[in-house]
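Good morning, colleagues. I would like to take a few minutes to walk through the structure on the screen, beginning with the chain as a whole and then turning to particular residues.

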Amino acid sequence: MRGRCWTFTFASVTEQINPGAAAYHYEQLASILERKIRSGEFAAGSRLPGEMVLSQEYGVGSNTVRRALDILRERGLVVTVRARGSFVVEQLPDESVG
């Protein structure tokens with residue numbers, strides 16, 4: 001039996017990681033995802049794309065994605081449920097927090 005490889009893509013990735021920027025890649029990714037959450041692109045209660053999808057779409061490693069998600073958890077924007085994924089919180093904290 002042959003394994004299948006599924007490639008998931010976003011409708012359009014408008015923001016990319018800037019390899020020449022002073023900020024670490026995980027900080028850039030966290031900022032991009034935070035903007036998508038706050039704009040409603042990722043609605044309250046919705047599941048974020050998985051690590052593999054984010055990694056492919058933004059051209060970063062899975063450790064970078066994990067660190068970006070850690071930042072979002074620290075800011076109170078997402079919660080992670082083991083074996084289910086990361087979800088946007090129902091009530092977003094103020095932007096000044098975090």
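Of the 98 residues in this chain, 34% count as buried. I should say at once that this is a predicted model. The accessible surface of the chain is about 6,600 Å², and carbon and sulfur atoms account for 49% of that area.

Let me turn to the overall layout. The chain has three helices and two strands, and from the N terminus the order of elements is α-α-α-β-β. Among contacts with a separation of 6 or more, 58% are between residues 24 or more positions apart.

Next, the interior. The largest nonpolar core contains 20 residues, and Leu29, Ile37, Tyr58 and Leu72 are those with the most contacts inside it. Each of H1, H2 and H3 supplies at least two residues of this core. H1 gives the largest share, with six residues. To take one core member in detail, Leu72 touches Ala30, Leu33, Glu34, Ile37, Leu77 and Val78, when residues up to four places away in sequence are not counted.

Leu72 also brings us to helix H3, since Leu72 is among the buried residues of that helix. H3 covers residues 62-74, which is 13 residues, and its first and last C-alpha atoms are 18 Å apart, close to the 18 Å expected at 1.5 Å a residue. Which residues of H3 are buried? They are Thr64, Val65, Ala68, Leu69, Ile71 and Leu72. These residues lie on the same side of H3, because the arc they cover around the axis is only 155 degrees. On the other side of the helix, Asn63 and Glu74 are exposed.

What covers the buried residues of H3? The cover includes two helices, H1 (25-39) and H2 (51-58), and two strands, E1 (78-81) and E2 (85-88). After H3 comes Gly76, which has a positive phi, near 75 degrees.

I now come to the charged side chains. As a general point, side chains of opposite charge can pair when their charged atoms come close. How many salt bridges does a search of the whole structure find? The search finds six.

One of these salt bridges is formed by the side chains of Arg35 and Glu15, at 2.5 Å from N to O. This pair links distant parts of the chain, with Arg35 in helix H1 and Glu15 in the segment before H1, 20 residues apart. Arg35 counts as partly exposed because its relative accessibility is 43%. Glu15 also falls in the partly exposed class, at 25% relative accessibility.

A further salt bridge brings together the side chains of Glu41 and Lys36, at 3.1 Å from N to O. Is Lys36 buried or exposed? With a relative accessible area of 4%, Lys36 is buried; the cut-off for that class is under 20%.

Back in H3, the side chains of Arg73 and Asp70 meet in a salt bridge at 2.2 Å, N to O. Arg73 and Asp70 are three residues apart in helix H3, so about one helical turn separates them. Arg73 is partly exposed, at 33% relative accessibility, and Asp70 is partly exposed, at 33% relative accessibility. In addition, salt bridges that share partners join Glu34, Arg38 and Arg75 into one network.

Finally, I would like to mention two serines. The loop between H1 and H2 contains Ser46, which counts as partly exposed at 22% relative accessibility. Where neighbours within four places in sequence are left aside, Ser46 is in contact with Ser86, Phe87 and Val88. Ser46 and Val89 are 43 residues apart in sequence, and their C-alpha atoms are 8.2 Å apart in space.

The other serine is Ser55, in helix H2. Ser55 counts as buried because its relative accessible area is 16%, and the cut-off for buried is under 20%. Again leaving aside neighbours within four places in sequence, Ser55 is in contact with Val60, Gly61, Ser62 and Val65. Val65 is one of the buried residues of H3.

That concludes the presentation, and I thank you for your attention.

Notes
Residues are numbered from 1 along each chain as its sequence is written. This is a predicted model: local features need pLDDT of at least 70, side-chain atom pairs count only at pLDDT 80 or more; totals for chains, interfaces and linings use all residues. Side-chain values use heavy atoms; hydrogens and water are left out. Helices (H or I, at least four residues) and strands (E, at least two) are DSSP runs, numbered from the N terminus. The expected span of a helix is 1.5 Å times one less than its number of residues. Buried means under 20% relative accessible area, exposed over 50%, partly exposed in between (1.4 Å probe, protein chains only). The arc is that of the directions from the helix axis to the C-beta atoms. Contact means heavy atoms within 4.5 Å. Accessible areas come from the Shrake-Rupley method with a 1.4 Å probe; for residues, only the protein chains shown count as cover. A nonpolar core is a set of buried Ala, Val, Leu, Ile, Met, Phe, Trp, Tyr and Cys residues joined through side-chain atoms within 4.5 Å. A salt bridge is a side-chain nitrogen of Lys or Arg within 4 Å of a carboxyl oxygen of Asp or Glu.
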